[in-house]
Amino acid sequence: MRTRHVRTLIGVLVAGLFLPIQARAESNAELLKRIEVLSQELTRLKGQIEANNAATTANRQATEELREKVGKAEEKSSERWLTIGGDYQFRADSLWGETKPFTDVSATFANAQAQLQAAFFANPTPATGAALTGLMQFAQNMSGVRTYQQAQSFMGANAAMMGALGNFAAQVPAYKPRNDTLYTNRFGLDLSAKATQDVTVNARLVMYKTFGAGDDDAVTNSGSAPYFADRVGVFDGTLGHIPSSSYLNVDRAFATWSNIADQDIWFSVGRRPSTHGAPSNLRLNTPRPGNGGTPSLLVDYAFDGMTVGWAPDIEGLPGAYGKICYGRGFESGFRSTPGNSLQDTDMLGVSIIPIDTDPLRVWMQWNRGFKIFDAPKMQGTYFGNTAPKINLGDIDWYGLGAMGTLKQVGVGDLNYFADLGMSITHPNNNVSAQFGFPGRTRSRAGRSLHRIPGQHAPSS
Amino acid sequence: MRTFVSKLMLSLAVAVSAASFSAPVAADDVKMVGVITKIKMASDGKSAVATLKDNKSGDSVTININDDLTLDKFKDKRIVEGDEIRAKYDNAGGKNESKSFKKTAGC
């Protein structure tokens with residue numbers, strides 16, 4: 001019995017020895033299985049990560065492409081390269097005044113012609129015929145006068161005729177003209193297109209008309225003697241600046257190439273911004289003209305021309321720049337023809353602005369007009385249909401001015417300016433027969449001072 | 001009078017020319033031309049940060065502006081986003097302090 005127990009015990013012990021080995025073998029298999037599962041999971045995850053990476057790369061590429069497309073679209077978008085602006089002005093004027101008695105020269109000639117013709121046709125005698133022929137000869141000879149000496153000779157030789165013309169004088173007594181209400185519309189459309197990075201094209205189209213009229217009669221006195229020298233008629237230099245018609249005229253159209261040679265140098269050509277320069281921007285309540293424009297006291301005339309300018313970076317002179325301008329005031333057409341002795345009228349200008357800041361802007365300008373014409377092309381004026389017929393010589397213009405804004409003076413900001421101008425003529429001995437021989441042989445100087453102590457603008 | 005005006009203009013032209021050759025650029029000054037992509041005014045209106053896209057490199061450059069003349073132009077919209085600017089700034093210490101900030105010239 002004892003032996004059996006011992007054997008049983010030994011058997012149990014031996015069996016017990018084998019039991020852990022079998023359990024360990026099972027655990028290893030399980031581990032291997034788990035490792036295998038984990039490996040598979042790892043492989044799957046790796047695959048996923050690779051797929052994600054690929055997707056991220058694709059997304060990044062897509063984003064880049066999209067950004068590029070958006071950039072290109074932005075470059076092409078009209079918002080980026082085209083700026084549109086404009087203005088509308090309604091103006092109501094009430095005009096009245098008083099004239100002095102004067103002799104209407106045009107009416108005197110017309111009166112003489114009409115009376116002599118009537119006398120001849122009523123009574124065609126040698127005397128009335130001679131009077132009419134004499135007047136016609138007088139007019140023909142007068143139109144042939146070209147120089148100052150010829151004009152003096154003509155007046156000497158025709159003193160009797162000129163005296164006789166006094167008998168036909170059309171006297172205009174003093175009167176009090178008035179226009180209680182004159183309404184005008186002005187509409188301007190401004191376009192600025194950035195053609196390339198450094199080339200900009202600017203245009204301003206303007207319509208300026210009188211209420212109830214499609215012509216300039218209301219401001220030029222309908223062909224009668226006008227009241228203002230700059231309201232005789234509308235021509236190339238004033239088109240869009242005098243009420244005339246409902247047409248949208250090209251006031252400005254010019255292309256500017258900036259940043260030449262990576263410097264602040266520019267070249268600009270076209271119908272120039274040569275109107276409404278400083279300091280007239282104060283009157284018009286428009287921004288300062290910047291690098292464009294000319295002092296309004298010297299030039300307020302729509303020119304076709306070109307400019308080359310340079311704005312050096314000078315620490316002590318902020319905003320300083322200078323420019324040379326050229327413009328054509330009159331194109332005479334083909335030369336060396338039997339019927340045309342007129343020459344082109346050109347303008348050259350040098351402008352130096354040593355400082356251009358809000359508190360102070362200073363300008364110095366010199367212009368020379370070459371071969372100035374005697375009259376612009378205008379239709380239906382008091383003087384009839386006028387056109388350039390002769391060149392009268394050259395004119396130099398000098399200008400010196402300053403303007404600025406002083407902040408918080410009294411009730412608001414104070415704008416000030418002072419402008420000095422001088423013109424010196426260089427006549428070429430010619431006279432204008434169509435205007436009664438204006439013209440000189442000697443140089444003359446004229447001066448003007450344009451100043452307003454101040455103009456207040458409410459503080460913003 | 002004519003001689004006086006001529007002399008005056010000549011003197012001023014010479015003065016401007018002389019001034020243009022007597023302003024050396026500091027070592028840390030950087031000049032660039034670029035389009036404004038963003039203007040951020042400080043709440044007190046006494047400074048602003050303008051971001052420009054350099055025309056040459058295409059990089060964005062942030063410039064700090066403290067001068068009243070330029071700040072006034074920001075305030076009354078004489079300089080706005082989209083304007084092309086010729087700028088000069090001091091980048092000492094990476095601060096990019098504006099020394100000149102004006103629209104590119106031309107007209």
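A cavity is here a set of grid points where a 1.4 Å probe fits but cannot get out. With that in hand, the predicted model can be explored from its enclosed spaces to its nonpolar core. Searching the whole structure turns up three cavities of 30 Å³ or more.

The largest cavity holds about 200 Å³ of space. Its lining is made up of 21 residues, and those nearest the centre are Arg272(A), Ser274(A), Thr294(A), Thr307(A) and Cys325(A). Two or more lining residues come from each of β8 (304–310), β9 (321–330), β10 (345–356) and β11 (361–370) of chain A. Of the elements involved, β9(A) contributes the most, with four residues. In character, the lining comprises nine nonpolar, ten polar and two charged residues.

The second largest cavity encloses about 50 Å³. Around this space are residues including Ala278(A), Pro289(A), Thr294(A), Tyr321(A), Arg361(A) and Trp363(A). Here β10 and β11 of chain A are the elements that supply two or more lining residues, and β11(A) has the largest share, at three. The lining divides into six nonpolar residues, five polar and one charged.

Turning to chain B, the largest nonpolar core has 16 residues, among which Leu52(B), Ile63(B), Phe74(B) and Phe101(B) touch the most other members. Strands β1 (29–41), β2 (48–54), β3 (60–65) and β4 (84–90), together with helix α2 (68–75), each give two or more residues to this core. Phe74(B) offers a handy view of the packing: beyond its neighbours within four places in sequence, it contacts Ile39(B), Met41(B), Ala48(B), Ala50(B), Ile65(B), Ile79(B) and Phe101(B).

Methods
Residues are numbered from 1 along each chain as its sequence is written. Chains are lettered from A and ligands numbered from 1 in the order in which they are written. This is a predicted model: local features need pLDDT of at least 70, side-chain atom pairs count only at pLDDT 80 or more; totals for chains, interfaces and linings use all residues. Side-chain values use heavy atoms; hydrogens and water are left out. A nonpolar core is a set of buried Ala, Val, Leu, Ile, Met, Phe, Trp, Tyr and Cys residues joined through side-chain atoms within 4.5 Å. Buried means under 20% relative accessible area, exposed over 50%, partly exposed in between (1.4 Å probe, protein chains only). Contact means heavy atoms within 4.5 Å. On a 1 Å grid over the protein atoms alone, a cavity is a set of points where a 1.4 Å probe fits but cannot get out, and a pocket is an open set with protein on both sides within 12 Å along at least five of seven lines; lining residues have an atom within 4 Å of a point. Grid points are joined across faces, edges and corners, and a volume is the space filled by probe spheres set on the points. Ala, Val, Leu, Ile, Met, Phe, Trp, Tyr, Cys and Pro count as nonpolar, Asp, Glu, Lys and Arg as charged, and the others, Gly among them, as polar.
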